[in-house]
Amino acid sequence: MKVIVNVFLKAGVLDSQGKAVHHALESLHFDNVSDVRVGKQIVLKLDESDEAKAMADVTKMCEELLANTVIEDYNIELVK
């Protein structure tokens, strides 16, 4: 089973990388971009067929390693 985890900074946490990208886009005259937030995507391949077990395992991975839950949120997508 393929699992996609998106990790991103919580609202209100300064995203300096996002600000830098936003500034670069403005300098390239992309003036219609009002904000940029940069995150990361982690793609996992699990040897698991039980969706509930896969979700529980990946949630634990996120809580313990993949995301800094003090400043980051995450979402998990199971792909069949």
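**Exercise 1.** Leaving aside its neighbours within four places in sequence, which residues is D15 in contact with?

*Solution.* Start with the ground rules. This is a predicted model, in which local features need pLDDT of at least 70, side-chain atom pairs count only at pLDDT 80 or more, and totals for chains, interfaces and linings use all residues. Residues are numbered from 1 along each chain as its sequence is written, and side-chain values use heavy atoms, with hydrogens and water left out.

Step 1. Contact means heavy atoms within 4.5 Å.
Step 2. Find D15 in the loop between β1 and α1 (16–27). Helices (H or I, at least four residues) and strands (E, at least two) are DSSP runs, numbered from the N terminus.
Step 3. Read off the partners of D15: L9, V36, R37 and V38.

**Exercise 2.** Find the side chain of opposite charge nearest to D15, and say whether D15 has a salt bridge.

*Solution.* Step 1. Lys and Arg count as positive, Asp and Glu as negative; His and the chain ends are not counted.
Step 2. The nearest candidate is R37, 4.2 Å away.
Step 3. A salt bridge needs a side-chain nitrogen of Lys or Arg within 4 Å of a carboxyl oxygen of Asp or Glu. D15 has none, yet D15 is buried (under 20% relative accessible area with a 1.4 Å probe, protein chains only; exposed is over 50%, partly exposed in between).

**Exercise 3.** Work out the strand order of the sheet.

*Solution.* Step 1. Two strands pair if DSSP finds at least two bridges between them.
Step 2. β1 (residues 2–9) pairs with β2 (residues 40–45) over six bridges, antiparallel. Here V5 faces I42.
Step 3. β1 also joins β3 (residues 72–79), through eight bridges and again antiparallel. Here K2 faces V79.
Step 4. The open sheet therefore reads β2-β1-β3, with β2 and β3 at the edges, so one side of each has no neighbour in the sheet.

**Exercise 4.** Which element gives the most residues to the largest nonpolar core?

*Solution.* Step 1. Such a core is a set of buried Ala, Val, Leu, Ile, Met, Phe, Trp, Tyr and Cys residues joined through side-chain atoms within 4.5 Å.
Step 2. The largest has twelve residues, including V3, V5, V7, I42 and L66.
Step 3. β1, β2 and α2 (51–66) each give two or more. α2 gives the most, with four.
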